[in-house]
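Hi everyone, thanks for coming. I'd like to walk you through a structure that is new to most of you, so have a look at it first.

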Amino acid sequence: MRNVSYIKIFFLMLFFIFPLQSNANGEAQSTSNTKLISSLDDLKNKRIGVMLGSTHDAFAHKQYPQAEIFQYKGPADVLLGVKSGKTDVGIYNSVSLTEILKIDPELGLIDKPFEFSPVGFGFNKKNIELHSQFNAFFKTIKDNGVYEDMIDRWTKKGITDMPKIDTPNKNGILVAGHVSDGGLPFVTLRNNENVGLNIELAKRFAAYLGKDIRFDDMEFGGLIPALTTGKIDFIAVTLMFTEERKQKINFGEPYYEIGMSAFALKKNIASYSHENQTTNGPTFFTSILNSFQSNIIQEKRYLLILDGLKTTIIISILATIFGTLLGGIICFLRMSKNKLLNIPAKIYISILRGTPVLVILMIIFYVVFASVNINPIIVATIAFGMNCGAYAAEIFRSGIEGIEKGQMEAGIAMGFNKIKTFIYIILPQTVRRILPIYKGEIITLVKMTSIVGYIAVQDLTKASDIIRSRTFDAFFPLIMIAILYFLISLILIHILDYLEKITDPKYKRKARLKS
Amino acid sequence: MIKVENLSKRYGDLVVLKDISTKIKKGEVVSIIGPSGTGKSTFLRCLNLLDEPSGGSIFIDGENILDKKTDVPKIRQKMNMVFQSFNLFSHLSVLENLTLGPIKLKGVSKKEADKKSMDLLKMVGLAEKAENYPDELSGGQKQRVAIARCLAMEPEIILFDEPTSALDPTMVSEVLSVIRRLAKDGMTMAIVTHEMAFARDVSNRVFYMDQGLIYEEGSPKQIFDAPKKDRTKVFINRIRNFIFKIKTQDFDFYALNAEIEVFCEKQIIQKIMRANLLRVVEELLILYKPFLNKIELELEIAHSEKTNQLTLICQTTGNKFNPLDNKDLEDDIGLKIINTFTEVREFKWAGNKNRLELLFKN
């Protein structure tokens, strides 16, 4: 019976969301009909989408003070904003946009690219050695023609295959921070691997140093803090040279020059208005099939999902174990009669319950372990475990306090010491009592892990972000991971239900009588 | 076996146990009785240190258990306790309740513990409930399991803390008969109880506790049939009393009558007795009346719920004065009436106090 109802819920979800999706498009059309955009000047009172912390962001604020500016986390969201009608115009780097527009017939450029600026990698001001090494390396490849060949292949000929570059782990490992969904020709994820000009350049640099290289995928806005706190060795994105940035970081030799472009839906742009817009929308099922094909099968994107799923599950399990152990300890301290023990525990509980997990997560990553090279998965485990521990401690306490005093006294009077009384008499009863509440806490924890993308962990949510950025399809990846999270929770609930059942003493008797 | 010296227990300013010294010998069954709130349970719980005494010393088999070096859990193993609220381990079956201690504390094998526990369950008549859980048992069954659980640890002494107080009246006897059987087998026991008849026939010695002390102790015969001290008498005979003070000749006689009636009603004193009491009081007051401006009269009516005895006590202060001995009376009708309704009339004059005690005929 229960299984049937889950399937029902699943279908209900599908049927509710599909119509909404088409509604959103309809709405977008109605708002854009007012006036077509013919030049950059028309942007002044429009809704403009930019990437938070980018030069486009700064430019839009300066140039169009009247406009409503939407700051997004990554390029994919800027694009989706325009496509879904949340913004009228988006601004992004002109080179990547050219590539994107090749595969997306809906979008068009407004005017020509503008605000050209050199771009380069970013280095920590304290690490002058790496900075000069890069410049020396860059001079070498410029001299021997490798650089020219790279530019030729990626930007002119459109060859998007990575050449084989050996990065032996001779002299250690180089950590590059980047944004994997930046877009070609600079960087993109294909077949679960980073490819692009940036990637090739960074790899060649690592090879030059005789080091192996690791790419940490981050939010664009988090790159510079990560560099200055030492989380990464250098920033491998097309970082535009600005005065503000120069104060914080050193730029390597510029390896390219790019401008910005504004883009919008073709039907909103005056120069495209003559184009025939009659497109026969695919039927419902073929569109689902197409979505499935592009979001899952193409470029082996299911690998991304699988990796993300694995990460989400690992973090969930580790954080649950850590949180439970921590909760036990905190609960013990909290229940102690000694003020030196119970007051710190009380403070811990109220702080952890009173601050968002995301903030704790970032504090641990960027502040506590600022100068330590630590696996972000461990950071996530610690942050979620600490949060879970605070709640668990209170759940445990209420469970233990709910057991009559007589149970403890009977154990003590029989000759058990306090610890043994706890283990043999109080604990088994507590476990049974708190399981129903604890179940909810663990499921909350699993869902909470969806924010680890902030510290460069590629979990399920991040995987969907990446796919979204490649396919510009918001709907399918989001629904898919919603279902995946739901399934994880469902399995967890079943496991915990089973646990609840087998800890029921009467269940044991039934089992005994059967055998 | 147990020696208690100057034991005291305070909770903040509240003194529960003042100063208790006593001994309990091997094989003895001691009942501890007394009004509620006089520290009976606290005394018992101090013996196994469930409550930490505030002063004094306790020796079990010559070992001072208040000494920091003493292994208290080890001593508790030979001195188990049965609680008013049973306290069976609710996550364990009846059998597991019995075997937990022997297996975990004494290292007995599971097989052996099971066998012995089944024997004990048979003894308390609950072998067929071995696989059940505590919440499936009645109160009486629970308490019998609790007793069996105690016995499984093979204790040398068992402390019973009001074992039948939480039970339905219909279930009291099944628990008491198990305790009786243990007494017959020679188990050393200390029992806090309100079951007087049981205490009387099961114990070798009775402690009457009052005011944080062992107020009176003795054989059951001494305590129940001939208690020496006032409070013991009041408690054993379940005496309730009513006091009325008269200071002038013009006191409110009707109010006095009304209050006596209310007292009689509360004590369920028979109508005839009530009428007799009122008449005797009236006649006595006539005898006392001429003197009431000079002396103060205290009237006390005491009724024993146990024996249904009704006593009237008249007390005055001053020179020796017995109203029944007055030569200046106009007639002796009043005296005759008093003599008809009462069977014992005792007059005492001591320390400036006149005390006239009249016991009514039943």
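Before I point at any helices, a word on angles: under 35 degrees counts as roughly parallel, over 145 as roughly antiparallel, 65 to 115 as roughly perpendicular, and the rest as oblique. The axes behind those angles are lines fitted to C-alpha atoms, for helices over the stretch in contact, and the angles run from 0 to 180 degrees between N-to-C directions.

Now the ground rules. This is a predicted model, where local features need pLDDT of at least 70 and side-chain atom pairs count only at pLDDT 80 or more, while totals for chains, interfaces and linings use all residues. Residues are numbered from 1 along each chain as its sequence is written, chains are lettered from A and ligands numbered from 1 in the order in which they are written, and side-chain values use heavy atoms, with hydrogens and water left out.

Let's begin with chain A as a whole. There are 19 helices and eleven strands in chain A; those are DSSP runs numbered from the N terminus, H or I with at least four residues for a helix, E with at least two for a strand. The C-alpha atoms of chain A fit a box of roughly 90 × 60 × 45 Å along the principal axes. Of the 515 residues in chain A, 50% are buried. Buried here is under 20% relative accessible area, exposed is over 50%, and partly exposed is in between, with a 1.4 Å probe and protein chains only. As for contacts, meaning heavy atoms within 4.5 Å, take those in chain A with a separation of 6 or more: 75% of them join residues 24 or more positions apart.

Next, helix packing. How do α16 and α18 of chain A pack? Helix α16 covers residues 418-448 and α18 covers residues 475-502, and they meet at an angle of about 165° with their axes 10 Å apart. So α16(A) and α18(A) are roughly antiparallel to each other. On the α16(A) side the contact includes A:Arg432, A:Leu435 and A:Lys439, and on the α18(A) side A:Tyr485, A:Leu496, A:Asp497 and A:Glu500 are among the residues they meet. The residues of this contact divide into eleven nonpolar, one polar and four charged. For that count, Ala, Val, Leu, Ile, Met, Phe, Trp, Tyr, Cys and Pro are nonpolar, Asp, Glu, Lys and Arg are charged, and the others, Gly among them, are polar.

Let me stay with A:Lys439 for a moment, in helix α16 of chain A. Is A:Lys439 buried or exposed? A:Lys439 is buried, at a relative accessible area of 16%. Not counting residues up to four places away in sequence, A:Lys439 touches A:Leu496, A:Asp497 and A:Glu500. A:Lys439 and A:Glu500 are 61 residues apart along the chain, and their C-alpha atoms are separated by 9.5 Å.

Helix α16(A) has another partner, α15 of chain A, residues 405-414: the two axes come within 9 Å and cross at roughly 140°. That makes α15(A) oblique to α16(A). The contact is made by A:Gln407, A:Met408, A:Gly411 and A:Ile412 of α15(A), together with A:Lys418, A:Thr421, A:Ile425, A:Ile426 and A:Gln429 of α16(A). This time the split is four nonpolar, four polar and one charged.

On to cysteines. How many disulfides are there over all chains? Zero, where a disulfide would be a pair of cysteine sulfur atoms within 2.5 Å. Take A:Cys388: the closest cysteine sulfur, in A:Cys331, is 13 Å away, so that is too far for a bond. In chain B, B:Cys46 has its closest cysteine sulfur in B:Cys150, at 18 Å, again too far for a bond. A:Cys388 is buried, with a relative accessible area of 0%, and B:Cys46 is buried at 0% as well.

Now some backbone oddities. Most residues other than glycine have a negative phi. A:Glu115 has a positive phi, near 50°; A:Glu115 sits in strand β4 of chain A, residues 107-124, and is partly exposed at 45%. B:Ile268 also has a positive phi, of about 50°. B:Ile268 is in the loop between α10 (253-266) and α11 of chain B, and is exposed at 71%.

Last stop, helix α11 of chain B, residues 271-288, which holds B:Asn276. B:Asn276 counts as buried at 15% relative accessibility. Leaving aside neighbours within four places in sequence, B:Asn276 is in contact with B:Phe341 and B:Phe360.
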